[in-house]
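Biologist: I'd like a close look at one part of this model, please. Pick a spot, walk me through it slowly, and then show me how it sits in the rest of the chain.

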Amino acid sequence: MPAYPLDNLHRVETPEGIDLNLHPAGLVPRALAFAVDLAIRAVLLVVLGTLLAMLGGFGIGLGAMLLFAVQWTYMVVFEVFNQGRTPGKQWLGLQVIHDDGTPVGWASSLTRNLLRFVDLLPFGYFFGVICCLWHPSFKRLGDLAAGTLVIHRQPAPASVQLPAGPERPPVRPLGLDDQRTLVAFAERAPSLSPERRRELAEILAPRFGVAPEAIESHLMDMARYLVGRS
């Protein structure tokens, strides 16, 4: 696991009882990511401003509207449509998520970015810096209001290897959380005692519509099917 100096651990328990260990990003990487995004916006506005200036008064008016749009939508659009990552965050390996580990949405992204003007007060991000240094998960005021967290993005997990065997499609379409739960069970099954494996299988059986007969093999077959399609 990579080291994150000066960062804390933020633990989230999923509805399935699985602990997720998230690494909140500290002030320095967040500031660097913001600087990158600021530079990108500045270059974009200079280019657009130069082109629009050729249109005279109409171009200046249009440029003023574009200035407002770029300043207030840049962060939100990238966070919502790029898995919580602006270009700056992506370059620094950061990501914005909800406190419970779920992807950031429109309401939370708008809230955290609209409140950025409060973090800027009274000058130079003073409130934002103080709040970030004070909070154990390095949250600024916008994050506190929106219930969001900036974390170091975890590296992609290695490909899943399951014991060879038959594949069986699920009896119904499965959401992403259900798929992850099923594959996680199949991964852990070889290391569990027969009693514990049977206990977990009986808990999962109603959730996946599996009959009491041959529960474990049925779940393993479905997991192999999902892994084979990924």
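Modeller: One cut-off first: a residue counts as buried when its relative accessible area is under 20%, and as exposed when that figure is over 50%. Keep in mind that this is a predicted model.

Let's zoom in on Y125. You'll find Y125 in the loop between helix 5 and helix 6. Is Y125 buried or exposed? Its relative accessible area is 16%, which is under the 20% limit, so Y125 is buried. The backbone here is worth a look too: phi of Y125 is near 60 degrees, a positive value in a residue other than glycine. As a rule, most residues other than glycine have a negative phi, and most peptide bonds are trans.

That second part of the rule matters for the next stop. P122 also has its place in the loop between helix 5 (116-120) and helix 6. The peptide bond joining L121 and P122 is cis, with omega at about -15 degrees. When you scroll through this loop, then, look for the cis bond at L121 and P122 and for the positive phi at Y125.

Now to the pocket. Which residues lie nearest the centre of the second largest pocket? They are R30, A31, F34, R116 and Y125, out of a lining of 17 residues. Our buried loop residue Y125 is therefore one of the residues nearest that centre. The space in this pocket comes to about 280 Å³. Two elements give two or more residues to the lining, helix 1 (27-53) and helix 6 (126-134). Helix 1 gives the most, with six residues.

Carry on past helix 6 and you reach F138, in the loop between helix 6 and helix 7 (141-146). F138 has a phi near 60 degrees as well, again a positive value in a residue other than glycine. With a relative accessible area of 11%, F138 is buried.

Going the other way along the chain, A25 lies in the loop between strand 2 and helix 1. A25 counts as buried because its relative accessibility is 0%. Have a look at L94 while you're there: A25 and L94 are 69 residues apart along the chain, but their C-alpha atoms are separated by 7.2 Å.

Helix 4 (residues 106-114) is worth a detour for S108, which has its place there. At 9% relative accessibility, S108 counts as buried. Its side chain makes a polar contact with the side chain of H98, at 2.8 Å. Leaving aside neighbours within four places in sequence, S108 is in contact with A146 and T148 as well as H98. Within helix 4, the buried residues are S108, S109, R112 and N113. Seen down the helix axis, those buried residues fall within an arc of 120 degrees, so they line one face of helix 4.

Further down the chain, L182 gives you another buried spot to compare. L182 has its place in helix 8 (residues 176-188), and its relative accessibility is 0%, so L182 counts as buried. What does L182 touch, not counting residues up to four places away in sequence? The list is L174, F208, L219, M222, A223 and L226. L226 is 44 residues away from L182 in sequence, with 8.9 Å from C-alpha to C-alpha.

Stepping back, the protein chain has 10 helices and four strands, and 36% of its 230 residues count as buried. Of the contacts with a separation of 6 or more, 62% are between residues 24 or more positions apart.

And how far should you trust the picture? The chain averages a pLDDT of 84, and 89% of the residues score at least 70. Residues 1-7 are where I'd be careful, as the pLDDT there is below 50; beyond near neighbours in sequence, that stretch has 11 contacts in the model. Among the elements, helix 3 (residues 87-92) has the highest mean pLDDT, 96, and strand 2 (residues 19-22) has the lowest, 75.

Methods. Residues numbered from 1 in each chain as written. Predicted model: local features only at pLDDT ≥ 70, side-chain atom pairs only at ≥ 80, totals over all residues. Heavy atoms only, no water. Buried < 20%, exposed > 50% of the residue type's maximum accessible area, 1.4 Å probe, protein only. Contact = heavy atoms within 4.5 Å. pLDDT = per-residue confidence, 0-100. Polar contact = N/O pair within 3.5 Å; in protein donor to acceptor, adjacent residues only side chain to side chain. Arc of directions from axis to C-beta. 1 Å grid on protein atoms, 1.4 Å probe; cavity = no way out; pocket = protein on both sides within 12 Å on 5 of 7 lines; lining within 4 Å. Points joined across faces, edges and corners; volume = space filled by probe spheres on them.
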